[in-house]
Amino acid sequence: MHEKLDRSHGNVRGYEVRDELSEDDLEAILEDLEETIRTEGVVRVLVAMPSVPTPELDALDEDLGFWLEHGDDIEKYAVVGDSTLVEWATDAGDLVSSIDIEHFDADEREDAWAWLEN
């Protein structure tokens, strides 16, 4: 399940994902990001995860394809959540990607927005 966050604006997009992340959920998020890239040139993304979502396997294929095609179009990526797994995955992603990726604890969501907006 996903929800686009009301604070999304311009080239800054925020989503909350929880529980199972279906292929349709991921497709909706990726279409929104692609539209933002078309209109704004680059995108900055916040993904809040109150719990670790479980993606459908077909969704992972689509996700990988998006990152391969649009990795250079993402300036900043903020991941918000208290899971150690989410923090570890964020740190690993930052090491292997040219995207500026930061992890924020759940109570630091405002800091994550501020980081994206500057």
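1. A good place to start is the pairing of E1 with strand E2 (residues 12–17), which is antiparallel and runs over three bridges. Strands pair here if DSSP finds at least two bridges between them; strands (E, at least two residues) and helices (H or I, at least four) are DSSP runs numbered from the N terminus. Within E2, tyrosine 15 is the bridge partner of lysine 4.

2. A word on the basis: this is a predicted model, with local features needing pLDDT of at least 70 and side-chain atom pairs counting only at pLDDT 80 or more, while totals for chains, interfaces and linings use all residues. Residues are numbered from 1 along each chain as its sequence is written, and side-chain values use heavy atoms, leaving out hydrogens and water.

3. Now the wider sheet: five strands form an open sheet in the order E1-E2-E4-E6-E7, with mixed pairing. At its edges lie strand E1 (2–4) and strand E7 (100–104), each pairing on one side only. On average, neighbouring strands are turned by 20° against each other, direction ignored; the axes are lines fitted to C-alpha atoms, for helices over the stretch in contact, with angles from 0 to 180 degrees between N-to-C directions.

4. Helix H3 (residues 84–96) packs on this sheet and touches strand E6 (74–80) and E7, contact meaning heavy atoms within 4.5 Å. The direction of H3 makes about 165° with that of E7.

5. Stepping back, the protein chain has four helices and seven strands, running β-β-β-α-β-β-α-β-α-β-α from the N terminus. Its C-alpha trace spans about 35 × 35 × 30 Å along the principal axes.
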